[in-house]
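Here's a protein model to explore together. Take a look at the sequence and the structure first, then read on for a short tour.

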Amino acid sequence: MIDLHSHTYESDGSCSPSELIEEAVRAQVDILGITDHDTFTGYDQALPAGRHAGVELVCGIELSTKLHGRAVHLLGYFLNQDGLSPFRDWVLELQASRRERNVRLVARLRELGFDINLEEVEARGRGMTGRPHFAQVMVAKGYVRDLRQAFDDYLDESAIAYVYRQEPQFNEGVERIRNAGGIASLAHPVRVNGDLPTLMPELCGWGLNALEAYHSDHSPADTQLYLELARKYGLLVTGGSDFHGAVKPGVKLGSGCDGNLQIPHDLLERLKSGGANASG
Ligand code: AMP
Ligand code: ZN
Ligand code: FE
Ligand code: FE
């Protein structure tokens, strides 16, 4: 089986990179894309285990971007060739700006009377510490009932503890991925706020060259729609479970929710040949 969308504990999954490879072997996934949020650390660390287990790894990343002011996830693939240090440097900059935001968020929460420090939040979130980890700490310390309340009352963009973070625009993400020779794929299009068919010309104009038509959140009708949009705009097609381990126990690597994922096994071949043609 093939699965081009998965997360390790280097972003918000629960598996270590080597545990993810073990999971791939168990699930009979022989081609695995690791697409942690805003980091390559999980992919880099999984390489030896992948080689040992005979699992072909595809280097990926899932960027958190803004499209017309709304959060949209963008997948980048094949970002492991030589000469990609500018892209990797940019990803490190994103991480630095996240950490700087976290310092300000700790200060804000302390100002509001909560005894929270950066170390305990980073113990949960590692290199990708974000608001969900702050929410976990607030629940653990009894400051809020649950994660929902942590966001509603404090961490949501509209709430009192929110502090601004510089996030890349969708078009900048696409441009950087394409300039690095990668494939830029719109992640789980079903979650895009707004009418995707209407947005497509704009997204394609920026250089988007793939759609994630296959995803655990997609119904057969959704997948059909995205395959048709991809065909209409001459885009490549990607697909994956969005496996997060115990964080989302209903989603299985390779097969999705109760086997709702059927990703054609030649997807990678088509991406490799199509990517070469499409990259201009
Ligand atoms: P960060 O990148 O640290 O700003 O955190 C963003 C993450 O926080 C998102 O990917 C969501 O998982 C989560 N998040 C943001 N807003 C909310 C909300 N209102 N309720 C629950 N989770 C949220
Ligand atoms: Zn995730
Ligand atoms: Fe996502
Ligand atoms: Fe994801």
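## Cysteines, metals and a helix

Let's start with Cys59: at 1% relative accessibility, this residue counts as buried. Buried means under 20% relative accessible area, exposed means over 50%, and partly exposed is what falls in between, using a 1.4 Å probe and protein chains only. Before we go on, a quick word on the ground rules. This is a predicted model, where local features need pLDDT of at least 70 and side-chain atom pairs count only at pLDDT 80 or more, while totals for chains, interfaces and linings use all residues. Residues are numbered from 1 along each chain as its sequence is written, chains are lettered from A and ligands numbered from 1 in the order in which they are written, and side-chain values use heavy atoms, with hydrogens and water left out.

Back to the cysteines. How many disulfides does the count come to? Zero, where a disulfide is a pair of cysteine sulfur atoms within 2.5 Å. For Cys59, the closest cysteine sulfur is the one in Cys15, and at 19 Å it is too far for a bond. Cys257 also has Cys15 as the closest, but 16 Å is too far for a bond as well. Cys257 counts as partly exposed, at 26% relative accessibility.

Now for the metals. Donors here are N, O and S atoms within 2.8 Å of the metal (3.2 Å for Na, K and Ca), and water is not among the atoms, so sites may look incomplete. The table sets out two iron sites.

| Ion | Donors | Distances | Separation from the zinc ion (ligand 2) |
|---|---|---|---|
| Iron ion (ligand 3) | Glu62 (OE), His73 (ND1), His188 (NE2) | 2.0 to 2.2 Å | 5.2 Å |
| Iron ion (ligand 4) | His5 (NE2), His7 (NE2), Glu62 (OE), Asp242 (OD) | 2.1 to 2.2 Å | 4.0 Å |

Glu62 turns up as a donor to the iron ion (ligand 3) and to the iron ion (ligand 4). Around ligand 3, Glu62 sits in strand S3 and His73 in strand S4 (residues 70–77), so the pair ties together parts that are eleven residues apart in sequence. Helices (H or I, at least four residues) and strands (E, at least two) are DSSP runs, numbered from the N terminus. Glu62 is buried at 0% relative accessibility, whereas His73 is partly exposed, with a relative accessible area of 21%.

The site of the iron ion (ligand 4) is irregular, with angles of 78 to 169 degrees among its four donor atoms. Four donors count as tetrahedral if all angles lie between 85 and 135 degrees; four count as square planar and six as octahedral if opposite donors are over 155 degrees apart and all others between 65 and 115; anything else is irregular. Here a pair links distant parts of the chain: Glu62 in strand S3 and Asp242 in the loop between S7 and H10 are 180 residues apart. Both Glu62 and Asp242 are buried.

What about the greasy parts? In soluble globular proteins, nonpolar side chains tend to be buried together. A nonpolar core is a set of buried Ala, Val, Leu, Ile, Met, Phe, Trp, Tyr and Cys residues joined through side-chain atoms within 4.5 Å. The largest one has 63 residues, and those with the most contacts inside it include Phe87, Phe170 and Leu208. S3 gives the most to this core, with six residues. There's also a second, separate core of 17 residues, with Ala135 and Met138 among them.

Finally, look at helix H8 (residues 196–205). Which of its residues are buried? They are Leu196, Leu199, Met200 and Leu203. Seen down the axis of H8, these fall within an arc of 130 degrees (taken from the directions from the helix axis to the C-beta atoms), so they line one face of the helix. An α-helix has 3.6 residues a turn, so residues three or four places apart point the same way. The face turned away from the buried side of H8 carries the exposed residues Thr198 and Gly205. The buried residues of H8 pack against several elements, including strand S3 (56–67) and helix H9 (220–233), with contact meaning heavy atoms within 4.5 Å. Just after H8, Gly207 takes a positive phi of about 110 degrees.
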